[in-house]
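Subject: Structure for you to look at

Hello,

Here is the structure I promised to pass on. Please open it and keep it beside this email as you read.

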Amino acid sequence: MEKETSLSDLYKLCDEFLQKVIAEMNESCLEKRQGIVTPEHLMASMLNQPQFAKMVERYCSNMQTFCSELEEYISSQETLPEDVEEHCIYSQQLISLLQMALYTSKAAGVSVVKASHIVYAMYELEDSLLAYLLKQYITDKVDFLRAVIDLSPSDSLSETASISASPTSTSSDRAILCDDEFLKAQTPIVGREKELEQLTQILCRKDTHNALLVGEMGVGKSTIVHELAKRMLEGKLPDRFDSGKLYKLNLKPLLEGVHLRGDLERRMTDTLGSLSSQGNVIIYIEEMQLLFSAFSKQAEELDMVSLLKPYLDWDNVRFIGSCTSKDYTKNFSDQKRFEKYFQKIEIEEPSVEDSIQILQSVLPKYEAYHGVRYEAEAVDYAVRATSKHLHTSFLPHKAIALLDDAGAYLVSHYGKEMVSHKVDKLLVSNLLAKLCKNESLLEEGEGEDRLASLESRILSKIYGQDTAVRLIVENIQMSKAGLLDDGKPLASFLFVGPTGVGKTEVANVLAKELGVELVRFDMSEYVEQYTVSKLIGSPAGYVGYDEGGLLTEAIRKNPNCVLLLDEIEKAHDSIYNILLQVMDYARLTDNKGNHADFRNVVLIMTSNAGAQYASQASIGFGSTVSAGEAMVKQVKKTFKPEFLNRLTASVVFNDMDKAMAERVLNKKLGILQEKLSTRNVSLSLSEEARIYLLERGFSREYGAREMDRAIATQLKPLLTKEILFGKLKEGGVASISIINDKLALL
């Protein structure tokens with residue numbers, strides 16, 4: 001209990017039995033005019049309850065002497081003078097006892113203080129006559145505490161577990177792990193017999209009989225522990241487990257409000273001491289790294305193993321911990337003392353087939369909850385699709401979450417009108433597409449049609465680069481068909497060509513047509529070596545360490561995207577080491593050990609390397625070499641062979657000619673017309689006006705790079721003034737022609 005908790009608040013936290021005991025204790029002290037209330041008063045009041053007194057008598061070696069010595073001490077306490085108003089003040093020992101009892105209950109995740117918490121605290125109370133009497137007359141502390149726990153509910157002293165939550169059985173020789181409902185809610189165990197056998201074997205050892213389950217969130221670490229508890233209940237484990245109990249230690253309340261080393265150490269000692277007193281016990285500590293981190297913050301010399309040490313060697317106490325692989329590396333991997341006492345068990349993500357079986361087992365609960373039916377095809381798709389497209393979480397949890405979301409979708413959209421609705425593959429695929437921000441995941445015709453028409457849709461917006469677009473689309477379709485390596489990005493392209501021919505625009509259009517995000521990095525910002533480190537995060541001790549990596553964070557947020565690295569040749573050479581890892585393994589690790597998955601990324605790098613040689617393409621009689629092809633030779637000198645060999649393709653873009661530039665101009669004017677339509681304005685350009693814009697927006701050297709600028713500086717100012725202040729204020733036709741070698745609005 002935190003010190004600021006008042007006695008009145010503490011009284012409210014006690015169960016009905018203790019509230020009755022405390023009320024009678026206070027009343028008795030007032031009647032006797034004893035102003036100082038001690039732990040002995042509390043025990044005397046508890047002994048006034050027939051059921052409790054009868055239970056104590058069974059374990060007390062001399063009940064009469066025990067009670068008489070207790071009463072003699074109480075009678076010796078000073079009484080209040082006649083001229084002093086009656087009052088009760090709790091002694092420091094009694095306050096300490098109540099604090100310890102509350103610590104114990106909170107560590108167990110129990111919402112109220114119960115008799116077993118009080119009795120345990122009485123034993124641990126230093127320099128107390130009550131503790132002395134208990135140890136002298138009730139020597140079998142373990143059995144005595146068990147008896148307090150096992151009192152029936154009718155005695156108003158029922159205790160489901162002294163430190164954990166509720167027992168799965170009222171018998172003391174049964175496993176204890178939360179309650180029956182908790183065990184019923186567990187995910188069925190599939191394909192984990194090897195790990196469960198390994199865990200059982202470790203717990204049966206004489207030495208190093210503690211286990212640490214290491215695996216990612218959602219793979220089923222807790223499920224294995226639940227299954228162990230279930231088999232203990234059913235008697236399906238070795239005889240050594242028959243009289244055992246399994247507790248789940250709740251760390252959150254144990255660590256809550258701790259500021260001083262002594263508080264934390266005392267809480268842990270109290271909790272473990274109470275648990276170990278239960279006899280043959282197994283203690284499960286979920287997210288064990290929280291305990292390690294808490295102790296490491298208190299003092300360097302105080303670590304988790306030091307605190308657990310008194311119990312790690314006991315034959316009747318075993319520990320099972322769990323944590324993620326990242327937390328294990330950070331907190332435990334270099335702790336040799338920890339490895340001496342704990343055996344690591346790797347819990348891998350279950351296979352797709354095992355995950356399907358798990359889902360089939362748990363779906364009846366979700367069908368009953370949502371009032372829907374899950375089709376087998378939807379279940380199969382949920383597992384396989386999340387395995388392929390969701391890489392920030394793990395099976396079976398992510399597939400279960402997706403199907404749960406599908407059931408919730410039907411409920412929220414149909415409500416009480418929902419009658420025999422079913423969750424099918426179409427619904428699951430649509431929800432997954434939104435979750436992944438990837439419209440290409442749409443199923444049942446729509447997604448396939450979008451992929452089939454991808455080339456024609458891109459070519460309708462990109463002009464004169466048919467060969468390049470066809471090569472890009474073919475590789476993406478092959479990847480979607482599963483004909484390329486699953487361990488690599490969907491595709492890795494190097495776009496080569498002079499400026500203004502549409503390299504960046506192709507990436508932009510591709511992202512829109514695939515229905516995914518375009519993540520763009522201008523590599524001219526990463527010229528210096530230290531700037532490249534920003535992509536995966538600065539090293540520890542450097543500015544920006546806490547911010548993570550720009551590239552890794554972007555991919556974790558958008559795992560399905562088109563990643564555009566513009567003008568890659570301008571970046572520092574160290575960038576290629578990062579890209580080699582991405583193209584080889586579709587994975588990148590940031591400065592904090594977090595992984596970014598590139599398996600659903602289309603990687604596009606553009607390059608103007610060798611642009612100075614592009615003008616040489618047409619030199620020589622009858623030369624037909626394009627500027628892009630002339631640049632390729634220089635590209636091979638700029639990029640290392642190991643980089644070029646890992647590309648899906650090097651795409652050479654054609655030179656921009658006048659016909660292509662005209663189509664680009666028409667496209668840009670079409671975009672402008674869409675904006676004007678909102679003002680009820682239609683745009684009409686004379687042929688002379690089109691030629692005027694074309695000449696200023698296109699050149700052999702820079703392609704159509706200046707097209708936007710020409711429209712913005714020559715055409716838009718004319719329209720702006722008339723729309724805001726002139727004849728187009730109410731809409732109309734904007735007829736543009738040439739007057740005195742300038743654009744003019746007629």
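Start with one pair of strands. β18 and β19 run antiparallel, and four bridges join them. One bridge pairs Ser-737 with Ala-744 in β19. The two strands form a hairpin, with two residues between them. Look at Asn-740 in that turn: its phi is positive, about 55 degrees. Bear in mind that this is a predicted model.

Now go to the other pairing of β18. This strand covers residues 732-739, and five bridges join it to β17. Here the two strands run parallel. Find Leu-685, and you will see Ile-736 of β18 opposite.

As background, strands of a sheet pair through backbone hydrogen bonds, either parallel or antiparallel.

Put the pairs together. The result is an open sheet of three strands, in the order β17-β18-β19, with mixed pairing. Why do β17 (681-685) and β19 (742-745) each have one side without a neighbour in the sheet? Both stand at the edges, so each has a single partner strand. From one strand to the next, the twist averages 25 degrees.

Next, the helices. Helix α33, residues 687-697, lies across β17, β18 and β19. Helix α33 runs at about 70 degrees to β18. Helix α34, residues 707-725, also packs on the sheet. Helix α34 touches β17, β18 and β19, and its direction makes about 25 degrees with that of β19.

Best wishes

How values were computed. Residues numbered from 1 in each chain as written. Predicted model: local features only at pLDDT ≥ 70, side-chain atom pairs only at ≥ 80, totals over all residues. Heavy atoms only, no water. Pairing = 2+ DSSP bridges. Axes fitted to C-alpha atoms, helices over the stretch in contact; angles between N-to-C directions. Contact = heavy atoms within 4.5 Å.
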